[in-house]
Amino acid sequence: MDLRFNHANVSEYKSNAQIARVLTERWVHLNGYCPNCGAEKVHAFKNNAPVADFYCASCSEQFELKSNIAKKVGSKVVDGAYATMIERIQSDSNPHFFFLTYDKTSWKVNNFLIIPKHYFTPSIIEKPAVPVKELFIVKYSFSKHMEILFVHF
Ligand SMILES: [Zn+2]
């Protein structure tokens with residue numbers, strides 16, 4: 001597995017956010033897999049698809065990628081829309097999640113976690129005590145020993 005991002009054709013993108021999105025999605029396409037059926041590739045939805053980021057062509061499961069610049073995946077997640085997330089994880093097409101952290105100097109992946117969808121229930125989604133604009137906190141515990149925190153931007 002090559003942890004470096006593939007920078008081919010990213011010069012057409014102007015903003016760092018766009019470039020990071022392209023690089024991380026490309027990496028997941030090349031290195032991710034479907035935890036449901038074991039298919040070796042997942043495929044990106046077209047840009048701005050109102051659904052998840054990836055899908056499996058074999059079993060049709062969907063995936064959301066949460067990535068950020070960090071050494072490791074932390075213990076809490078700050079994400080966008082609370083209601084949207086609740087709705088999403090309660091829907092028939094609730095997604096599996098990919099958590100990816102990377103180094104922006106070397107453009108290499110530091111961590112990549114594939115978390116099956118059955119771990120995501122409304123009880124792990126929290127609203128922060130003090131709302132920060134549209135942000136809210138997603139607190140997720142895999143076990144007593146590990147929690148996930150990520151910042152989606
Ligand atoms: Zn599959």
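What is the mean pLDDT of the protein chain, and what share of its residues reach 70 or more? The mean is 79, and 75% of the residues reach 70 or more. The model is predicted, and its secondary structure comes to 2 helices and 9 strands. Of the 153 residues of the chain, 27% count as buried. The points below cover confidence, the overall layout, helix H1, the sheet, the nonpolar core and three individual residues.

**Confidence along the chain**

- Among the elements of the chain, E2 has the highest mean pLDDT, at 94. The lowest mean, 43, belongs to strand E9, which spans residues 146-149.
- Over residues 143-153 the pLDDT is below 50. Beyond near neighbours in sequence, this stretch nevertheless has 29 contacts in the model.

**Overall layout**

- Read from the N terminus, the order of elements is α-β-β-β-β-α-β-β-β-β-β.
- Among contacts between residues at least 6 apart in sequence, 52% join residues at least 24 apart.

**Helix H1**

- Helix H1 covers residues 16-31 and has 16 residues. From its first C-alpha to its last it reaches 22 Å, close to the 22 Å expected at 1.5 Å a residue.
- The buried residues of H1 are Ala20, Val22, Leu23, Thr24, Glu25, Trp27 and Val28.
- In an α-helix with 3.6 residues a turn, residues three or four places apart point the same way.
- Five strands are included in what covers the buried residues of H1: E1 (43-44), E2 (54-55), E3 (62-69), E5 (96-103) and E6 (108-115).

**The five-stranded sheet**

- An open sheet of 5 strands runs in the order E1-E2-E3-E5-E6, and its pairing is mixed. E1 and E6 are the edge strands, each pairing on one side only.
- E2 and E3 run antiparallel and are joined by 2 bridges. In these bridges, Phe54 has Phe63 as its partner in E3, while Tyr55 has Gln62.
- The same two strands, E2 and E3, form a hairpin with 6 residues between them. In the turn of this hairpin, Ser60 has a positive phi of about 70°.
- On the pairing of E3 with E5, the sense is parallel and the bridges number 7. Within E5, Phe97 is the residue opposite Glu64.
- E3 is mostly covered, with 7 of its 8 residues buried.

**The nonpolar core**

- The largest nonpolar core holds 23 residues. Those that touch the most other members are Val28, Val42, Phe54, Phe63, Leu65, Phe98 and Leu100.
- H1, E2, E3, E5 and E6 are the elements that give two or more residues to this core.
- Val28, a buried residue of H1, is in contact with Val42, Phe54, Leu65, Phe98 and Leu100 once its neighbours within four places in sequence are left aside.

**Cys56 in the hairpin loop**

- Cys56 lies in the loop between E2 and E3. It counts as buried because it has 21 C-beta neighbours inside 10 Å, and the cut-off for a buried residue is 20 or more.
- Apart from neighbours within four places in sequence, the contacts of Cys56 are Cys34, Asn36, Cys37, Ala39, Val42 and Glu61.
- Lys41 and Cys56 are 15 residues apart in sequence, and their C-alpha atoms are 7.2 Å apart in space.

**Positive phi at Asn9 and Trp107**

- Most residues other than glycine have a negative phi. Asn9 has a positive value, near 60°, and Trp107 likewise has a positive phi, of about 50°, although it is not a glycine.
- Asn9 lies in the segment before H1. Is Asn9 buried or exposed? Asn9 counts as exposed because it has 9 C-beta neighbours inside 10 Å, and a residue with 12 or fewer falls in that class.
- Trp107 is placed in the loop between E5 and E6. Because Trp107 has 18 C-beta neighbours inside 10 Å, it counts as partly exposed.

Methods: Residues numbered from 1 in each chain as written. Predicted model: local features only at pLDDT ≥ 70, side-chain atom pairs only at ≥ 80, totals over all residues. Helix = DSSP H or I, 4+ residues; strand = E, 2+ residues; numbered from the N terminus. Expected span 1.5 Å × (residues − 1). Contact = placed C-beta atoms within 7 Å. Pairing = 2+ DSSP bridges. Core = buried A, V, L, I, M, F, W, Y, C linked by C-beta atoms within 7 Å. pLDDT = per-residue confidence, 0-100.
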